[in-house]
Amino acid sequence: MNNQSLKEMPEWKALEAHFEEIRKEHIRNMFAEDPERAERFTVTAEGIYFDYSKHRINSRTMKLLADLAEACGLREAIEAMFRGEKINNTENRAVLHTALRAPADAIINVDGKNVVPEVHAVLDKMEAFSEKIRSGEWKGYTGKAIKNIVNIGIGGSDLGPVMAYEALRNYSRRDLNFRFVSNIDGTDFAEAVRDLNPEETLFIVASKTFTTLETMTNAGTARAWCLATLKDEAAIARHFVALSTNAEAVSAFGIDTSNMFAFWDWVGGRYSMESAIGLSTMIAIGAENFREMLSGFRAIDNHYRTAPFEKNIPVIMALLGIWYADFFKAQGMAVLPYEQYLKRFPAYLQQLTMESNGKGVTRDGRKVNYETGVIYFGEPGTNGQHSFYQLIHQGTKLIPCDFIGFAKPVHNIGRHHDLLMANVFAQAEALAFGKTVEQLEAEGEKPFLVPHKTFEGNRPSSVFLLEKLTPETLGKLVAIYEHCVHAQGVIWQLDSFDQWGVQLGKVLAGRIAPELESVAEPVLKHDSSTNSLIQAYRNMKK
């Protein structure tokens, strides 16, 4: 990987010069001058139609961006990741979420050991356990079958399973209830279990170390909730399983370690939804559908690894993101799935993208002097159109958009799907081309309303069109964004796979909690604001 200062690279300077030439050009004119533009800036690969023609780019832009990627060593970085090299340098770890979906005959070595057999052993163990729950063979302590599955985790141990369950709910067992608890706020747990019977409930506790504060606090509450009804410590083994590597802590909790599902330190939490962290997903949709999802991931892994940059969807996305963040100074990115089942997909991407590339120093510890990361947000269409699209269309901020649509609906009801997809294409068209003063005047619009109804346009967007939302296409979509994050991190010279920024708040909370709980007045040694807040809280509690 190239560790030369990014802004000093000739490829970066060439982009700066090109930006000055193109920054005021309008997408409207780009289309008018190039009848083949749509074809030129569209990629069809792995069942995905990816149209990025409505961006503020031309062929030279993409050539210069690709040159930057080459100069930053992206090709070598991709291979290094797939080979299992320790590219997470601050934690000295390999980054091998791609191994989680590798075929059984693949060879991927970490410290001289092929990890693929272990991955498939865990998948087989998950499948056997899932089938016991789905068939009713697994019984709770009082002999009743399990009807309720509650996943307890946080971060990637929650966002991935929640997103996957909601996305694939149509493929799930409707006679099983799935709940997800992540927040240390007691309301989250109380609402999740309020209508459940402990005799029919299984808790999946997801914590690699089995020490995560939020997860273990909720797990302890779940344990007490079960025992309040079941009365016997032996019941825990029938109502709890663990996704962890800490066998001693799992056993001390009362969980049979034969029902502990392992994962590895070369899998980051936000990249773990297809590991043991996906146990709730597999129980919901079944092993066959889960393996179809893995095949979708694998298809994009192969695409990212082998496709030339000019036809490589994650690489193109990454380059466009850098173009807007660092040259146009765009701060946000909207992901807009026109599929209600993907309602949690933007929230999932928030962690994937912002925890990965929300960094202010390079891999070797130098402070960056350019923009990194963007603020991801989104909502399903058409709901978002009646919420924040106003700002995207006519506001003062430039917010590139990813529209995600499907040719076939999951539920074919009347005109619904054609109307839904009409909005995808219409929104992308309106953002790009807008509506001019001349058009409004020709329509006879009242003069005082013309400024308010003028759409500047020139707002960039991509459109992803897939056939239908299935387990396989979900895997493809997630993998596309995973690899986009990796490519951007390489070019920005970041370690995309650590997350030290989440640690300080945890440490300080650990210090403050006893000061809130203490019966005696604590001696407070924080700043004056924090001291005052703690004192105000203690007074209100009384």
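This passage describes the sheets, the cavities, the pockets and some backbone details of one predicted model.

The model is predicted, and for this reason local features are given only where pLDDT is at least 70 and side-chain atom pairs count only at pLDDT 80 or more, whereas totals for chains, interfaces and linings use all residues. Residues are numbered from 1 along each chain as its sequence is written, and side-chain values use heavy atoms, with hydrogens and water left out.

Helices (DSSP runs of H or I, at least four residues) and strands (DSSP runs of E, at least two residues) are numbered from the N terminus, and two strands are said to pair if DSSP finds at least two bridges between them. Strands of a sheet pair through backbone hydrogen bonds, either parallel or antiparallel. One open sheet is built from 5 strands in the order β6-β5-β7-β8-β9, with parallel pairing. Strands β6 and β9 (260-261) stand at its edges with a single partner strand each, so one side of each is left without a neighbour in the sheet. Within this sheet, β5 (residues 148-152) and β6 (residues 177-181) pair in the parallel sense over 5 bridges, and N151 stands opposite F180 in β6. Between these two strands the chain passes through helix α7 (residues 156-167), and this β-α-β crossover is right-handed, a term that applies if, with the strands pointing away from the viewer, the path from the first strand over the helix to the second runs clockwise. Strand β8 (residues 240-243) pairs with β9 in the parallel sense over 2 bridges, and the bridge partner of A242 in β9 is M260. Helix α8 (residues 186-193) lies across β6 and β7 (201-206) and runs at about 170° to β6; here contact means heavy atoms within 4.5 Å, and angles run from 0 to 180 degrees between the N-to-C directions of axes, which are lines fitted to C-alpha atoms, for helices over the stretch in contact.

Another open sheet has 6 strands in the order β1-β2-β13-β12-β10-β11, with mixed pairing. Its edge strands are β1 (42-45) and β11 (375-377), each of which pairs on one side only, and the twist averages 15° from one strand to the next. Strands β10 and β12 run parallel and are joined by 4 bridges, with P337 standing opposite I404 in β12. Helix α15 (residues 345-357) packs on this sheet and touches β10, β11 and β12, and its direction makes about 165° with that of β11.

Enclosed and open spaces were then located on a 1 Å grid over the protein atoms alone, where a cavity is a set of points at which a 1.4 Å probe fits but cannot get out, a pocket is an open set with protein on both sides within 12 Å along at least five of seven lines, and lining residues have an atom within 4 Å of a point. Grid points are joined across faces, edges and corners, and a volume is the space filled by probe spheres set on the points. By this rule there are 4 cavities of 30 Å³ or more. The largest cavity has a volume of about 180 Å³ and is lined by 16 residues, of which M317, L320, G321, M333 and D402 lie nearest its centre. Helix α14 (313-327), strand β10 (332-337), strand β12 (401-406) and helix α20 (471-492) each supply at least two residues of this lining, and the largest share, 4 residues, comes from α14. The lining of the largest cavity divides into 10 nonpolar, 5 polar and 1 charged residues, where Ala, Val, Leu, Ile, Met, Phe, Trp, Tyr, Cys and Pro count as nonpolar, Asp, Glu, Lys and Arg as charged, and the others, Gly among them, as polar.

The largest pocket has a volume of about 910 Å³, and of the 35 residues that line it, T212, G269, Q499, Q503 and K506 are the closest to its centre. Its lining has 12 nonpolar, 15 polar and 8 charged residues. The second largest pocket, of about 280 Å³, is lined by residues including Y338, G381 and H411.

Most residues other than glycine have a negative phi, and most peptide bonds are trans. The peptide bond from G381 to T382 is cis, with omega near 10°, and T382 lies in the loop between β11 and α16 (389-394). K329, although not a glycine, has a positive phi of about 60°, and K329 is found in the loop between α14 and β10.
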